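Grab a coffee and work through these short exercises with the viewer open. Try each task yourself before you read its solution.

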Amino acid sequence: MSVRSSGNRSTPLLIVRADGGPGIGAGHIMRCKSIIEALEEQGGQAVFAVSDEESLRIVEHVGCEGIVLGGSKMDLGACDADLLAAEVGLRGASAVLVDTYAAGEDFFRRLRHRVDSLLAYIDDLFLFSKGFLPAPLAFPVDVVVNYGFGFSDDDYRTPYAASGARILAGPGFAPVSGRFGLPRERCAGDDVRILVTSGSTNPDGVLERMAQACVMGAPGAVIDLVVGQSASVTLPDRLLSYCRVHRGVADLAPLMREADFAVSAAGFTLYELSCMGVPTVAVPIVDNQMGNVAGFARRGLGLTFSEVMPTAGEIAVAVQKMFGNKGLREELGSRARQVVDGRGSARIARALAQG
């Protein structure tokens with residue numbers, strides 16, 4: 001039996017099913033937060049539905065409302081779909097956005113059976129249960145989003161042809177917060193500033209490796225090293241003297257505006273940097289970032305690597321190339337900003353509001 005929205009809500013409500021924490025990071029929650037901000041500007045409202053208190057803390061830390069449904073954030077099945085469907089009915093939600101690698105065919109099939117609200121899915125072609133997918137799986141949803149640098153509607157037209165789902169593919173739909181679309185405010189000066197970030201985590205000491213690479217490849221540069229919410233970092237004194245360490249940063253936009261270029265993990269931060277026009281050395285730190293890196297490289301938007309977790313020496317070569325060529329930095333920054341224009345969240349929000 002389907003759970004129908006109550007129809008008595010004057011303001012459209014979106015429920016976002018997402019999680020975060022160690023091993024997952026905060027990227028799912030942050031990109032959905034940007035969509036929520038755009039939806040609120042269009043007169044809607046939203047609430048996160050998460051698996052545990054750990055995810056809820058991240059949601060509340062970024063200023064959003066959330067509820068804990070339970071379940072394993074690494075494996076969501078039919079029972080989890082039932083819990084979400086019940087919440088949809090209770091709150092009269094007009095739309096549901098699923099953003100997790102834990103939901104597969106059983107979850108979506110049951111959810112579609114139980115709710116008549118608009119269903120949307122952010123697809124990165126990766127599932128915990130299957131790993132990387134060679135092609136999109138056609139889940140029973142009304143809207144599918146893949147804002148990856150290397151994707152377009154053509155990649156989804158065949159698998160979703162029978163369903164009639166609306167396809168939102170390509171970096172024009174990157175759900176970047178509007179604050180990253182503001183002009184950069186780099187002050188003139190002799191020192192080159194490098195922003196270094198690995199997102200909310202620091203797997204296998206990649207932040208230390210990035211900092212070492214910057215010291216090797218950009219002597220005399222000022223290094224702004226961002227330590228994420230779920231990360232810790234240990235720098236030897238010889239590296240620490242070159243770095244300004246920033247912990248607990250809620251908003252990276254001000255640091256991005258001051259950077260001449262960035263050395264960044266190739267997750268969602270890569271889209272924020274592109275939107276602001278910050279030339280970037282994109283470092284894949286987990287397997288599921290390789291798709292971002294491949295598309296980023298094909299579009300000629302920055303410097304990248306062909307394998308996960310490059311060495312400090314390999315990163316240093318790319319840093320040196322960026323550091324020594326201001327013309328290259330300007331060209332890459334301008335090109336990236338044209339590709340990620342900062343209006344992706346608004347485009348997704350409009351599609352969700354049609355529910």
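**Exercise 1: Ala-218**

Ala-218 is buried, at 2% relative accessible area (buried means under 20%, exposed over 50%, partly exposed in between, with a 1.4 Å probe and protein chains only). Before going on, note that this is a predicted model, where local features need pLDDT of at least 70, side-chain atom pairs count only at pLDDT 80 or more, and totals for chains, interfaces and linings use all residues. Residues are numbered from 1 along each chain as its sequence is written, and side-chain values use heavy atoms, with hydrogens and water left out.

Task: place Ala-218 in the chain and find which residues it is in contact with, leaving aside neighbours within four places in sequence.

Step 1. Look in the loop between helix 6 (206-217) and strand 11 (222-227); helices (H or I, at least four residues) and strands (E, at least two) are DSSP runs, numbered from the N terminus.

Step 2. List the contacts (heavy atoms within 4.5 Å): Ile-194, Val-319 and Phe-323.

Step 3. Check the C-alpha atom of Lys-321: 103 residues away along the chain, it sits 9.0 Å from that of Ala-218.

**Exercise 2: Asn-146**

Task: is Asn-146 buried or exposed, and which backbone oxygen lies 3.2 Å from a polar atom of its side chain?

Step 1. Find Asn-146 in strand 8, residues 143-146.

Step 2. Read off its relative accessible area, 3%, so Asn-146 is buried.

Step 3. Pick the partner: the oxygen belongs to Asp-123.

Step 4. Add the rest of the surroundings: besides Asp-123, Asn-146 touches Leu-125, Phe-151, Tyr-156, Leu-168, Ala-169 and Gly-170, again skipping residues up to four places away in sequence.

**Exercise 3: Leu-182**

Task: how does Leu-182 count by relative accessibility, and what does it touch?

Step 1. Go to the loop between strand 9 (166-169) and strand 10 (193-197), where Leu-182 lies.

Step 2. Its relative accessibility is 43%, so Leu-182 counts as partly exposed.

Step 3. Not counting residues up to four places away in sequence, Leu-182 touches Arg-257, Met-276 and Arg-337. The C-alpha atoms of Leu-182 and Arg-257 are 8.7 Å apart, with their positions 75 residues apart along the chain.

**Exercise 4: the whole chain**

Task: what share of the 355 residues counts as buried, and how many helices and strands are there?

Step 1. Count 13 helices and 14 strands.

Step 2. For burial, the figure is 55% of the 355 residues.

Step 3. Of the contacts between residues at least 6 apart in sequence, 64% join residues at least 24 apart.

Note on methods:
A polar contact is a pair of N or O atoms within 3.5 Å; within protein, one must be able to donate a hydrogen and the other to accept it, and residues adjacent in sequence count only if both atoms are side-chain atoms.
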